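Got the model open in your viewer? Keep the selection panel handy and follow along, one stop at a time.

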Amino acid sequence: MDGYSVVVSELMLQQTRVDTVLDYFKRWKARWPGWPELAAAELDEVLAQWTGLGYYNRARNLHRTAIAVVQQHGGQLPHDAAQLGALPGLGPYTVGAVRSLAFGLPAALVDGNVARVLTRWHALVGDGGTLIKPLWQKAELELEVSGPARADPASWNQALMELGATVCSPRKPQCAACPVAQHCLALAQGLQDSIPPVKQRAASAEVQAHYAVVLSPASSGLGDPLADRVLLGQRPPTGRWAGLWEPPGAEQGDPQTLQQWAKAQGWQPLRDLPALQHVLTHRKYAVTAGVYAAADLGTVSAEVDLQPLGYVAARWQPLGQALGAVTGLSRLGQRLLEAALQPAAEDGQGSGPATTKRRRPPSPA
DNA sequence: AAGTCGGGGGA
DNA sequence: TCCCCAGACTT
């Protein structure tokens with residue numbers, strides 16, 4: 001596979017499953033076949049193509065890498081490890097993957113799967129930090145001394161990863177079916193279930209947030225360009241969902257609450273959306289949201305300042321584009337828009353009976 | 001060395 | 001529910 005495809009797929013695959021990546025990768029290649037096309041792309045659209053994959057800094061870095069490859073390397077990926085490692089988003093693992101998988105070089109790589117395989121194979125003991133060097137040394141040594149590894153480093157590396165993903169699983173490894181079983185020191189000592197040790201995970205914090213999906217008035221039938229739009233704010237270039245767009249929202253405890261802001265803007269509340277939960281690795285979002293109507297088209301044409309809510313830009317986006325591939329939304333933002341555009345079957349457009357208001361988050365009590 | 005960054009799928 | 005994942009970057 002060519003270098004561009006390897007870099008794109010490896011960046012997508014970081015902390016992400018193959019099945020999830022497949023469709024994204026196909027769409028990506030169709031949209032930007034190579035480095036020059038990606039380098040010329042707008043970051044906004046790059047993020048939009050990444051929507052749902054998570055870890056959005058990977059997309060920003062991939063875009064920056066494309067620019068660097070074009071401007072500093074003549075459009076060709078360097079083979080040198082140090083030069084590759086200097087590209088944004090390419091760490092030790094990805095450098096090894098590119099050099100072995102794209103260039104066929106005898107370069108080692110250690111990802112989560114390989115680390116687990118090698119840790120058991122050689123019965124390495126220690127915490128994550130102290131094991132990093134020994135793991136890479138083992139991986140590099142094998143590429144020097146093992147015949148099959150030297151003959152085909154790419155296949156060797158992929159085999160190691162595949163072994164970890166299928167047979168040498170985190171829990172209940174299938175040692176009976178393992179081609180390494182005869183050499184595995186952990187298995188010989190009966191330690192295959194305790195090596196590597198299970199790491200403790202920090203509890204995720206609960207966050208309460210409220211969002212406002214503000215819609216412009218429906219079209220008057222004259223094709224008014226300001227009709228049927230939704231207000232989106234762009235998040236800062238760092239932090240969670242960096243650079244992505246979403247309906248304006250605020251977490252509980254923010255200096256300016258969303259309700260205050262919406263009232264000050266004169267938005268007319270239409271209805272509440274069903275409460276939804278959005279789970280991240282370190283945070284659990286309990287999200288409430290309301291649908292609001294902008295007073296008139298004049299409001300829509302005027303500038304909206306979302307900076308008090310922490311956004312760096314604001315935009316009235318046509319609804320079709322907001323859910324298309326034009327705007328980089330977070331998955332949460334996507335879910336909010338989809339919920340707001342539902343025909344409100346359950347909420348009865350706000351005019352229904354009281355039974356429609358039951359889907360509130362349970363009170364913490 | 002520790003914290004941060006998303007999201008989905010399987011046990 | 002909990003746990004894990006084809007990691008990299010910042011502090």
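This tour of a predicted model goes to one DNA strand, then to a residue in a helix, then to another DNA strand.

**Stop 1: DNA strand C**

Start by selecting DNA strand C and showing the protein residues around it. You should pick up 23 of them, and the closest are Leu13, Gly89, Thr94, Asn113 and Arg116. Now colour the strand by sugar, phosphate and base: sugar and phosphate make up 69% of its atoms that come within 4 Å of the protein.

Next, zoom in on some individual side chains. Pick Arg116 and look for an N or O atom of its side chain 2.6 Å from a phosphate oxygen of DNA strand C. Move to Thr94, where a polar side-chain atom sits 2.7 Å from a phosphate oxygen of the strand. Then click on Asp111: here a polar side-chain atom is 2.7 Å from an oxygen of DNA strand C that belongs to the sugar or is a linking one.

Switch to cartoon view to see which elements give two or more residues to this surface: they are helix H1 (3-13), helix H7 (92-102), helix H8 (112-121) and helix H11 (153-166). If you colour the surface residues by class, expect 10 nonpolar, seven polar and six charged.

**Stop 2: Ser5**

Stay with helix H1 and select Ser5, which lies in it. Is Ser5 buried or exposed? Its relative accessibility is 1%, and because buried means under 20%, Ser5 counts as buried. Show its neighbours, leaving out residues up to four places away in sequence, and you'll find that Ser5 touches Phe25 and Lys29. Put a distance label between the side chains of Ser5 and Lys29, since a polar contact of 2.8 Å joins them.

**Stop 3: DNA strand B**

Now hop over to DNA strand B and show its surroundings. There are 19 residues here, with Tyr55, Trp241, His278, Thr281 and Arg331 the closest. Which parts of DNA strand B do the atoms within 4 Å of the protein belong to? Sugar or phosphate accounts for 54% of them, and bases for the rest.

For a base, go to Leu53: one of its polar backbone atoms is 3.3 Å from a base nitrogen of DNA strand B. For phosphate, select Tyr56, which has a side-chain N or O atom 2.9 Å from a phosphate oxygen of the strand. Arg240 also has a side-chain N or O atom by a phosphate oxygen of DNA strand B, at 3.2 Å.

Finish by colouring this surface by class: six residues are nonpolar, nine are polar and four are charged.

Notes: Residues are numbered from 1 along each chain as its sequence is written. Chains are lettered from A and ligands numbered from 1 in the order in which they are written. This is a predicted model: local features need pLDDT of at least 70, side-chain atom pairs count only at pLDDT 80 or more; totals for chains, interfaces and linings use all residues. Side-chain values use heavy atoms; hydrogens and water are left out. A residue is near a molecule or strand if one of its heavy atoms lies within 4 Å of it. A polar contact is a pair of N or O atoms within 3.5 Å; within protein, one must be able to donate a hydrogen and the other to accept it, and residues adjacent in sequence count only if both atoms are side-chain atoms. Helices (H or I, at least four residues) and strands (E, at least two) are DSSP runs, numbered from the N terminus. Ala, Val, Leu, Ile, Met, Phe, Trp, Tyr, Cys and Pro count as nonpolar, Asp, Glu, Lys and Arg as charged, and the others, Gly among them, as polar. Buried means under 20% relative accessible area, exposed over 50%, partly exposed in between (1.4 Å probe, protein chains only). Contact means heavy atoms within 4.5 Å.
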